[in-house]
Amino acid sequence: MSETRGQRTTADSGGGGAERPSGILMGRPFGVPVYVTPSWFVIAALITWLFGGQLADVLPELGGTRYLVSLSFAVAFYASVLVHELAHTVVALRYRLGVRRIQLQFFGGVSEIENEAETPFREFWLAFVGPLLSLLLGGVFYLALRAVEPATVPGVLLAGLMISNLVVAAFNLLPGMPLDGGRMLRAVVWGLTGRPMAGTVAAAWAGRALALVVLFGLPAVSAARGGPGRTTTDSLIDAVLSAVLAVIIWNGASGSLRNARLREALPGLRLRELARRVVEVPADTPLGEALRRATEAQAGALVVVDGAGEPTGLVKEASVTAVPEHRRPWVAVGALARSLEPGLRLDLDLTGEQLLTALRRTPASEYLVVRPDGTVYGVLALADLERRLTAAVSGRAQRP
């Protein structure tokens, strides 16, 4: 399986760095890092075992050497998958979309493309070029197969690579996210309706339907073709692989829909609309008194100020709720505040991606929102932003 992932935009409350890739760095073709994840070694071992069992029937004279041949097939097959992913990469770089990395993993490869295509045509071509390269590779291996004896090690390897590349191409052309065919479907619907989100919704639901077909259909087809020689182990392996593949497709389709809704909601994120009204109090103010003032002012946050009225700290909501009500008259708000670091001051006019970038830079639960002249406008509670994004991602806001 292969997929191309578009830009992912998330609010990260736990850290501000870029996501760290897991796996072994194999190289940087076209300047794009290629990683082999630990899950690849699992599927490579499985392919070696299964293909080695088939070689025992075709080339019994190989003996134990058949597993070395099988391992060679697994490596060559994933080299073909890498070519498939590099096709996506070359087109993405041609369109100046940026590619974060390529990962080879359990069920194929993933090209993580940083930005969305600007037109339906570019989206379609970006998705189609991967299966097209797999089809071409299948043709190349077919021509090479005609030049060798079928019942030999080269013949068996070439036949396996031909079939596997054709299967990769056919599977990826299925019209459902996160497969290439799903992105092609998205491009078609986008082109017909003029709305990228409509294409994403159609392709995501097609992907979920495809996941169900894989979950129940593949084991049934394998059982029908297996004949009387099929064992319980064969059935179990087919069921497990189908279930894992179905989960990957379902999660990929759902993730594509969530990210699309999030991108659609981002331009509507305005800090001035998310900020809570504040009450400014000295550090030695009892918490009970500060909360009384906040209730009277219908404010949702407390800011600690010095004698000159300059803000010096933000009272953390989690710390306030942790103080029992009977102790609140005896606890000063200064003991519950976080000092105002430079990154905790946000410009009132921040919106969308700029706002999320500022939050990633300095992770916190509360931020001071200031006007252009430096005066206090309010406080942004990260929980409020997360609720807004969760509503957008789940479709409760701005449905297509």
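Author: In this predicted model, a residue is called buried when its relative accessible area is under 20% and exposed when that area is over 50%. By this criterion, buried residues make up 46% of the 400 residues in the chain.

Reader: Why is Val-110 called buried or exposed, as the case may be?

Author: The relative accessible area of Val-110 is 1%, and the cut-off for burial is under 20%, so Val-110 is buried. Val-110 lies in strand S5, and its C-alpha atom is separated by 9.5 Å from that of Val-81, which is 29 residues away along the chain.

Reader: What makes strand S5 (residues 108–113) largely enclosed by the rest of the structure?

Author: Six of the six residues of S5 are buried, and therefore the strand counts as largely enclosed.

Reader: How do you know that S4 and S5 are paired, and in which sense do they run?

Author: Pairing requires at least two bridges between the strands, and six bridges join strand S4 (residues 99–105) to S5, so the requirement is met, with the two strands running antiparallel. Within this pair, Gln-103 stands opposite Val-110, and the two strands form a hairpin with two residues between them.

Reader: What makes Phe-30 and Arg-96 noteworthy in their backbone, and are they buried or exposed?

Author: Phe-30 has a positive phi of about 60° although it is not a glycine, and Arg-96, likewise a residue other than glycine, has a positive phi near 60°. Phe-30 is found in the loop between strand S2 (24–27) and strand S3 (34–36), whereas Arg-96 is found in the loop between H2 and S4. The threshold for exposure is over 50%; Phe-30, with a relative accessible area of 56%, is therefore exposed, and so is Arg-96, with 75%.

Reader: Why is the peptide bond that joins Met-177 and Pro-178 given a label of its own?

Author: The bond between Met-177 and Pro-178 is a cis peptide bond, with omega about 5°. Pro-178 lies in the loop between H4 and helix H5 (180–193).

Reader: Which residues have the most contacts inside the largest nonpolar core, and how many residues does that core have?

Author: The core has 35 residues, and those with the most contacts inside it are Ile-43, Ile-47, Phe-77, Tyr-78 and Ile-249. Several helices give two or more residues to this core, including helix H1 (38–58), helix H2 (66–94) and helix H7 (232–265), and H1 gives the most, with seven residues. Apart from this core lies another, of 32 residues, among them Leu-271, Ala-301, Leu-355 and Ala-364.

Reader: What makes S6 and S9 edge strands?

Author: The open sheet of four strands has the order S6-S7-S8-S9, with mixed pairing. Strand S6 (278–282) and strand S9 (337–339) each pair on one side only, and are the edge strands. The twist averages 35° from one strand to the next. S6 pairs with strand S7 (residues 301–305) in the parallel sense over five bridges, and Val-278 stands opposite Ala-301 in S7.

Reader: How do you know whether the chain is more spread out than a compact globule?

Author: The chain has twelve helices and twelve strands. Its radius of gyration is 28 Å, well over the 21 Å that the globule rule gives for 400 residues, so the chain is more spread out than a compact globule. The C-alpha atoms fill a box of roughly 90 × 45 × 40 Å along the principal axes.

Technical notes:
Residues are numbered from 1 along each chain as its sequence is written. This is a predicted model: local features need pLDDT of at least 70, side-chain atom pairs count only at pLDDT 80 or more; totals for chains, interfaces and linings use all residues. Side-chain values use heavy atoms; hydrogens and water are left out. A nonpolar core is a set of buried Ala, Val, Leu, Ile, Met, Phe, Trp, Tyr and Cys residues joined through side-chain atoms within 4.5 Å. Buried means under 20% relative accessible area, exposed over 50%, partly exposed in between (1.4 Å probe, protein chains only). Axes are lines fitted to C-alpha atoms, for helices over the stretch in contact, and angles run from 0 to 180 degrees between N-to-C directions. The radius of gyration is taken over C-alpha atoms; the globule rule is 2.2 Å times the number of residues to the power 0.38.
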